[in-house]
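Visitor: I should like to be guided through a molecular structure, one question at a time. Please show it to me before we begin.

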Amino acid sequence: MNIESKTILITGANRGVDRALVEETLNRGAKRVYGGTRQPFKHSDQRVTPVILDVTNAEQIQKAIESIAILDILVNNAGIDPHDDLSDRAGIERHLAVNLFGTHGVTQAFLPLLVRSQGAIVNVLSLAALASTVQSGIRDLEGGCVLNDAIAACSLGGTWCEVHAVFAGSVDTDMTRSLDIPKASPEYVARAILDGMERREEDIFPDPMSAGIAAGWRSSVSKMLERQFSDYAPENMAKRA
Ligand SMILES: NC(=O)c1ccc[n+]([C@@H]2O[C@H](COP(=O)([O-])OP(=O)(O)OC[C@H]3O[C@@H](n4cnc5c(N)ncnc54)[C@H](OP(=O)(O)O)[C@@H]3O)[C@@H](O)[C@H]2O)c1
């Protein structure tokens, strides 16, 4: 799916990868970019419409739907990474409230518009969704859930909508400020996400760290199983009947 002339909602649009995605979608000729942020947000480009949207706030999600009539692409990018202490249940719940249930709430709310436009959902996940790290132990659970949730939502009742998962490695944003490791720039990652989307890659590996495992992941047992399980989706069963 190309970005040109499309209407896009990006959650967490004020900084980091999210902000870079706003700029890159504008560069590629987006017709309208809704920037979802928790605090008021301004942009000099007339094509950007700010939307107050804390992804954990059901009322704000409802107001956002009421203010958006057409949507081609939803980028679920808002997220936190508090470097979990897995012995702290409250911390895990805070994490899931944003990255899992927040994403779920926004996806469910905008799905009818996305289906109507035969649009796309882009879920920005982490490489840690594929293999746990000491700092982000909860991310493998969260990544699998977000991905399955979007796929399940899109296959319900034979509705149609593209789903892309972005498995980001380390990116140079506030989130990784304390980590002294090689990081890709948010601008590089934003371009790679949109390139992957335009090439219709289901799974996108948008930086040098993640790109190294892309081929291995695509031919992995997990991916083979995912394809096999998708054969049991009701619409695929119906096609074979
Ligand atoms: N940086 C990395 O190395 C890395 C690696 C893998 C995956 N990711 C993922 O990439 C995405 C972007 O991360 P980033 O690196 O750009 O992080 P960031 O610079 O920390 O930005 C996070 C963004 O999410 C927003 N946000 C947090 N909680 C929110 C909520 N409840 N509702 C709405 N917005 C909320 C923040 O808004 P406020 O300004 O209001 O806090 C901010 O705009 C995240 O999903 C992250 O998990 C990042």
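Visitor: How do the residues of the shell around the ligand divide into nonpolar, polar and charged?

Guide: This is a predicted model. In the shell around the ligand, 6 residues are charged and 9 are nonpolar. The polar group, in which Gly is counted, has 13 residues.

Visitor: Which of the residues around the ligand come nearest?

Guide: There are 28 residues around the ligand. The ones that come nearest are Gly12, Gly16, Ala78, Gly79 and Thr173.

Visitor: Which element gives the most to the shell around the ligand?

Guide: At least two residues of the shell come from each of α1, α3 (89-116) and β5 (120-126). The element that gives the most, with 3 residues, is α1.

Visitor: Is β1 largely enclosed or open to its surroundings?

Guide: A residue counts as buried if 20 or more other C-beta atoms lie within 10 Å of its own. On one side of β1, Thr7, Leu9 and Thr11 are buried, and on the other side Ile8 and Ile10 are buried, so that both faces are covered. Because 5 of the 5 residues of β1 are buried, the strand is largely enclosed by the rest of the structure.

Visitor: Which residue of β2 stands opposite Leu9?

Guide: β1 pairs with strand β2 (residues 32-37) in the parallel sense, over 5 bridges. Together with helix α1 (residues 16-27), these two strands make a right-handed β-α-β unit. Within β2, the residue opposite Leu9 is Tyr34.

Visitor: Which residue of β4 stands opposite Ile8?

Guide: β1 and strand β4 (residues 73-76) run parallel and are joined by 3 bridges. Opposite Ile8, in β4, stands Ile73.

Visitor: What is the phi of Ser5, and is this residue buried or exposed?

Guide: Most residues other than glycine have a negative phi. Ser5 is not a glycine, yet its phi is positive, about 70°. Ser5 lies in the segment before β1 (7-11). Because Ser5 has 11 C-beta neighbours inside 10 Å, and 12 or fewer is the limit for this class, it counts as exposed.

Visitor: Where does Arg200 lie, and what is its phi?

Guide: Arg200 lies in the loop between α5 (186-198) and β7 (203-204). Arg200 has 10 other C-beta atoms within 10 Å and is therefore exposed. Although Arg200 is a residue other than glycine, its phi is positive, near 60°.

Methods
Residues are numbered from 1 along each chain as its sequence is written. This is a predicted model: local features need pLDDT of at least 70, side-chain atom pairs count only at pLDDT 80 or more; totals for chains, interfaces and linings use all residues. Helices (H or I, at least four residues) and strands (E, at least two) are DSSP runs, numbered from the N terminus. Two strands pair if DSSP finds at least two bridges between them. A crossover is right-handed if, with the strands pointing away from the viewer, the path from the first strand over the helix to the second runs clockwise. A residue is near a molecule or strand if its C-beta atom, placed from the backbone, lies within 6 Å of it.
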